[in-house]
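Hi,

Here is the structure I said I would pass on. Have a look at it first, and my notes follow underneath.

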Amino acid sequence: MPTSTAHIVEREKQHRLPGGQSMTDLAGIVVDRALNAEVWDKDGKRYLDFFTGVGVCNIGHSHPRFLADVNDQLGSFAVGTFYTDVRSRYYELLSSRLPERLGRIHMFSTGSEAVEAAVKLARAATGKHEIVSFWGGFHGKTQGALSLHGGPRKHRSGPFPPGSHQVPYAYCYRCPLQLEHPTCDHHCVGFAEQSIENGSVGDIAAIIVEPVQGTNGNIIPPRGYLRALRQLADRHGALLILDEVITGFGRTGSLFAFEQDPETAPDVVVLGKAMASGLPASAIVSRADLVEGTPFGAPSAAASTFGGNPLASAAALSTLRILLDEELPERSRRLGESVSRRLASWVEEFPFVGNAGNVGLMVGVELVEPGSKRPLPKDVTRGIFRELMARGVLAMAYDSRIRIYPPLSIPEHHLEEGLDAFEATFRAMSDSITRP
Ligand code: PMP
């Protein structure tokens, strides 16, 4: 007799620790199989996947070429850090797609681990120790990465390593300085500079920033912001580390988000999530002249057990080839244009859609109490999440900042179908939200 969903969930719950991804329990489904943008649960219900494990599956689920490449590697060799043909090819291909100055790559297993390595590299390269990060920024949950977070997720987790400074991000819908873009002339950068000058000990090794703040709700800064941070870093002799763990590999309509403003010119870029389409792989890419500093560059100092192992390398190589051959970054940009039109109509139609924006297929929708900027309460947003699931869409729609990450390979009719489901959900709930 097939095992029921309830039985499987119960079996796992009996043994697991708390603190897992909230999406798991909110959705409560047992996934059976998936193909491109579609997912089926154990009970045979079909969903469109606008979640993709938080933007991990840019090439779509179960891509046949990806399955074949990973299976091939699994069948031959999967363990250890020896030189492999597959990793050398990956480094070569990735390098060919990066600016020449970002000539060095090292692989790890998770985004947090790569962030930790980027900080270590910055400290070794500059001989300085302080790191500037941003309100609302998120870089992972290991202790060093968490110290860079600008928000309540780190509450009661200290003490953290000293030398971490958080400054306001260019979150224009809720400008922390109560200014308006563009007349503000990026005053938040000037404010950050004052904070650094008054709050640091003058020993800034790096500024680390997400080109679009993912965990904070897919918050898109205005054009020119990253370039202004580049200049800020230069004025302080600090490196600019871009955390492209979510924005990388085509999500924002170019292979990497920083390409959209070449003057951003990062010194180090952190990669993860979609890099290997589900197999644990992350990386830092760095300016070649920065990597020899010790302790970072000492033998074994940057190594980890699984970093760059043959299976992860095969998955990463296959993913990148598919992204490039199928022109998925370009597709993300193109589909993103039609998403933008939809979002604009939502802001028009629904008084509780306070703000909505996207870069490529990285989409954020902010729900507020009509006539205000107060976030919609959780009991309401949980209702939206459930309605959406009933209509067959999985998305991070369980709190007031909705985050949408479909595969970049999603067929257009599935994208439309999913956005229609959002619209139908908003319409169905409109009365109860506007006249509670
Ligand atoms: N950086 C960013 C921008 C992230 O969004 C995340 C994860 N959400 C991380 C780093 C950490 O990645 P991981 O969960 O793989 O450790």
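In which loop is the place of E327? E327 sits in the loop between α10 and α11, the latter being residues 328-349. Before I go further, please keep in mind that this is a predicted model.

I started with E327 for its backbone. Its phi is near 50°, which is a positive value in a residue other than glycine. E327 also counts as exposed, since its relative accessibility of 53% is over 50%. F249 is another one to look at: phi there is about 60°, so positive, although F249 is not a glycine. You will find F249 in the loop between β8 (239-243) and β9 (268-271). Unlike E327, which is exposed at 53%, F249 is buried, with a relative accessible area of 1%.

There are also two cis peptide bonds to check. One runs from G158 to P159, with omega near 5°, and P159 belongs to the loop between α7 (143-146) and β6 (164-167). The other joins H181 and P182, with omega about 10°. P182 is in the loop between β6 and α8 (187-199). As general background, most residues other than glycine have a negative phi, and most peptide bonds are trans.

Now the helix pair. Helix α5 (residues 85-96) and helix α10 (residues 310-325) have axes that come within 8 Å and cross at roughly 35°. The crossing of α5 past α10 is left-handed. On the α5 side the contact is made by V86, R87, R89, Y90, L93 and L94, and α10 brings in P310, S313, A314, A316, L317, L320, R321 and L324. Sorted by class, that makes ten nonpolar residues, one polar and three charged.

While you are on α10, click on I322, which lies in that helix. I322 is buried, with a relative accessible area of 0%. Neighbours within four places in sequence aside, I322 is in contact with I59, H63, R65, F66, E327 and L328. So E327 from the top of this email turns up again here, because it is among the contacts of I322. If you want a long distance to go with that, the C-alpha atoms of I322 and A428 are 39 Å apart in space, with their positions 106 residues apart in sequence.

Next, the ligand. Which residues are around the ligand? They are T110, G111, S112, F138, H139, G140, E210, T215, D243, V245, I246 and K273. Three of these have polar side-chain atoms that I would zoom in on:

- S112 places a polar side-chain atom 2.5 Å from an oxygen atom of the ligand.
- D243 has a polar side-chain atom 2.7 Å from a nitrogen atom of the ligand.
- K273 has an N or O atom in its side chain that is 3.1 Å from a nitrogen atom of the ligand.

H139, one of the residues around the ligand, is also in contact with S133. S133 is in strand β5 (residues 130-134). Is S133 buried or exposed? It is buried, with a relative accessible area of 0%. The side chains of S133 and Q166 are joined by a polar contact of 2.9 Å. Apart from its neighbours within four places in sequence, S133 is in contact with H139, L148, H165, Q166, V167 and I208.

Two last residues bring together parts of the chain that are separate in sequence. P411 lies in the loop between β14 (401-404) and α13 (412-434). The C-alpha atoms of P411 and A37 are separated by 7.8 Å, although 374 residues apart along the chain. P411 touches N36 and R331, not counting residues up to four places away in sequence, and at 22% relative accessibility P411 counts as partly exposed.

V9 is in helix α1 (residues 5-15). V9 also counts as partly exposed, at 25% relative accessibility. Its C-alpha atom is separated by 9.1 Å from that of D25, 16 residues apart along the chain. Leaving out residues up to four places away in sequence, V9 touches G28 and V30.

Cheers

Conventions: Residues numbered from 1 in each chain as written. Predicted model: local features only at pLDDT ≥ 70, side-chain atom pairs only at ≥ 80, totals over all residues. Heavy atoms only, no water. Axes fitted to C-alpha atoms, helices over the stretch in contact; angles between N-to-C directions. Helix = DSSP H or I, 4+ residues; strand = E, 2+ residues; numbered from the N terminus. Left-handed = near helix turned anticlockwise from the far one by under 90°. Contact = heavy atoms within 4.5 Å. Nonpolar A, V, L, I, M, F, W, Y, C, P; charged D, E, K, R; others polar. Buried < 20%, exposed > 50% of the residue type's maximum accessible area, 1.4 Å probe, protein only. Polar contact = N/O pair within 3.5 Å; in protein donor to acceptor, adjacent residues only side chain to side chain. Near = heavy atom within 4 Å.
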